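Me: I should like to go through the pocket, the ligand and the enclosed spaces of a structure, one question at a time. Please give the reasoning before each result.

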Amino acid sequence: MLLKYEYLKKIKNPSSEIFVLGSEAQPIYKSRPLVESIKESVLVFNDFERVGIVAQLKGDPEKNRKLGAQVYQQVLALKLVQVSFNGEFNAELLLGFILAAYEFEGYYKSPKKKKINLTFDLENKKNVEKIVALCSSVYWSRDLVNQPFNKLGTREMVDQISARANQSNFKLTVWDKARLKKENCGGILAVNQASKVDPALAILEHKPKKPSNKKPIVLVGKGIVYDTGGLSLKPTPNSMDMMKCDMGGLACMAGTMDALAVSKSDKWVICLLPITDNVISNTAIAPGDVITMRSGHTVEVMNTDAEGRLILADALDIAKDYKPQLVIDAATLTGSAVAAIGDLGAVLMGNADSKTFHLISKVGDQTGERVARFPFWDEYSEQLKSPIADLKNLGGPTAGSITAGKFLEHFVGYDWLHLDIAGPGYLKQGRHYTPTGGTGYGVRLLTSFINEL
Ligand code: BES
Ligand code: ZN
Ligand code: ZN
């Protein structure tokens with residue numbers, strides 16, 4: 001849905017309106033004539049002059065975002081094309097409304113052209129624009145995930161990030177295959193070696209003139225544009241068919257960089273995005289192969305479907321060169337994370353101090369992009385021992401998301417948080433303000449978290 005925004009000094013006699021009532025307000029709308037439907041806290045009326053939707057605010061931000069999504073569903077059901085927002089201005093309600101209105105354009109012969117014009121009171125202009133900008137970063141993140149592999153391979157991904165860098169004003173440097181070879185990025189090169197398309201590493205940077213942090217915050221995102229599993233081939237139904245989403249970590253981090261750049265955050269942030277497909281051919285890496293990573297560690301690749309950790313390991317090693325304050329990675333890394341907590345939040349691990357863990361959990365609850373911290377005990381690492389190399393890329397039959405995290409820990413030498421977003425990065429069935437498909441998970445969480453650091 002295309003949303004258009006307009007601001008008026010005094011909104012007069014709209015043909016349709018969304019009237020927002022404070023959470024403490026009396027439900028005066030009971031006296032409105034011809035009530036059409038009452039859906040929890042959303043009420044629709046039609047007094048022959050106009051159609052109105054009355055929303056009663058709650059005390060909790062997540063509930064207000066859900067309320068915004070309900071209001072949007074009513075606007076859609078009533079086919080309203082011109083609405084004004086009246087009554088109390090609530091940022092979360094508007095956020096939920098706009099996030100719910102997202103639709104992937106798709107590839108139809110006749111494209112859908114639906115548009116809603118929204119009118120706001122001029123005094124809310126700044127607030128509305130802030131929310132619209134943040135939603136635009138989330139929309140972009142969702143678009144990246146929703147584009148299939150044949151439309152968004154490594155090259156197209158670099159092109160789209162480059163176009164956005166120009167538009168949103170962040171710096172972009174791209175390492176090509178030759179540079180990756182020179183840097184001994186053995187993990188990225190091994191995952192890529194079956195492909196006809198070269199890998200890339202995109203380096204995004206947002207550096208304000210006077211940053212509030214002396215050392216940069218470094219973000220790392222898994223950018224597997226498609227994951228077939230490689231020679232350890234995935235079964236197609238319910239396993240491979242969604243794997244265009246395996247660059248969800250990249251989408252999360254690129255969207256976060258976009259939001260930070262557009263909002264002119266005072267934080268200095270660098271983002272490393274290793275990009276490749278994980279496909280199959282006679283040049284593919286084989287289970288049992290031993291590779292040498294950028295860090296110098298050797299890895300016995302026991303499962304070519306555990307490829308995310310191989311490309312992330314090189315990027316995490318590069319992150320050391322920036323002497324970072326904190327490194328955060330996001331990746332659609334393991335099915336085990338989904339088995340453990342489903343798609344309601346990300347699985348969180350790392351070695352950062354407890355203050356940092358508390359902050360990200362708090363921001364997760366506030367934004368509705370929740371995180372669940374998992375144990376990270378040393379003993380889990382024993383499952384990664386190889387008889388012929390420093391470590392293998394496959395753990396045992398249990399605690400798969402943790403052993404994946406433990407694998408990454410070998411390549412880290414700084415404060416670090418790891419987010420496994422295999423569950424919330426892509427929804428097979430949308431809910432509330434998150435439609436089916438790419439969710440943009442983590443953009444709002446990390447933008448707020450970084451600004452609060
Ligand atoms: N991309 C997958 C993980 C995934 C699963 C993402 C479901 C999104 C939804 C990852 O590369 C993978 O295949 N992981 C394996 C690791 C295993 C071989 C150790 C897994 O989780 O099964
Ligand atoms: Zn895989
Ligand atoms: Zn993968």
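The questions below concern a predicted model, beginning with its largest pocket.

Me: What volume does the largest pocket have, and which residues are closest to its centre?
Reply: The volume of the largest pocket is about 760 Å³. Its lining comprises 36 residues. Those closest to the centre are M243, T334, G335, V338 and A422.

Me: Which element gives the most residues to the lining of the largest pocket?
Reply: Two or more lining residues come from each of α7 (236–240), α9 (308–320), α10 (335–341) and α12 (400–409). The element that gives the most supplies 3 residues, and it is α10.

Me: How do the residues lining the largest pocket divide into nonpolar, polar and charged?
Reply: Glycine is counted among the polar residues in this division. The lining of the largest pocket then divides into 12 nonpolar, 15 polar and 9 charged residues.

Me: Where does ligand 1 sit?
Reply: A molecule is assigned to a pocket if more than half of its atoms lie within 2 Å of the pocket's grid points. By that criterion, ligand 1 sits in the largest pocket.

Me: Which residues come nearest to ligand 1?
Reply: The shell around ligand 1 holds 4 nonpolar, 4 polar and 7 charged residues. There are 15 residues around ligand 1. The nearest of them are K234, D246, D305, E307 and G335.

Me: At what distance from a nitrogen atom of ligand 1 is an N or O atom in the side chain of D246?
Reply: Two lysine side chains approach oxygen atoms of ligand 1: a polar side-chain atom of K222 lies 3.2 Å from one, and an N or O atom in the side chain of K234 is 2.8 Å from one. The side chain of D246 instead has an N or O atom by a nitrogen atom of ligand 1, at a distance of 2.8 Å.

Me: What percentage of the accessible area of ligand 1 does the protein cover?
Reply: On its own, ligand 1 has 520 Å² of accessible area. The share of this area covered by the protein is 78%.

Me: How many cavities of 30 Å³ or more are found, and how much space lies in the largest?
Reply: A search of the whole structure finds 4 such cavities. The space in the largest cavity is about 70 Å³.

Me: Which element gives the most residues to the lining of the largest cavity?
Reply: The lining includes V20, F120 and N124, and it divides into 6 nonpolar, 4 polar and 1 charged residues. Two or more of the lining residues come from each of β6 (82–87) and α2 (91–100). The element that gives the most, with 3 residues, is β6.

Note on methods:
Residues numbered from 1 in each chain as written. Chains lettered and ligands numbered in written order. Predicted model: local features only at pLDDT ≥ 70, side-chain atom pairs only at ≥ 80, totals over all residues. Heavy atoms only, no water. 1 Å grid on protein atoms, 1.4 Å probe; cavity = no way out; pocket = protein on both sides within 12 Å on 5 of 7 lines; lining within 4 Å. Points joined across faces, edges and corners; volume = space filled by probe spheres on them. Helix = DSSP H or I, 4+ residues; strand = E, 2+ residues; numbered from the N terminus. Near = heavy atom within 4 Å. Polar contact = N/O pair within 3.5 Å; in protein donor to acceptor, adjacent residues only side chain to side chain. Areas by Shrake-Rupley, 256 points an atom, 1.4 Å probe, with all protein chains shown as cover.
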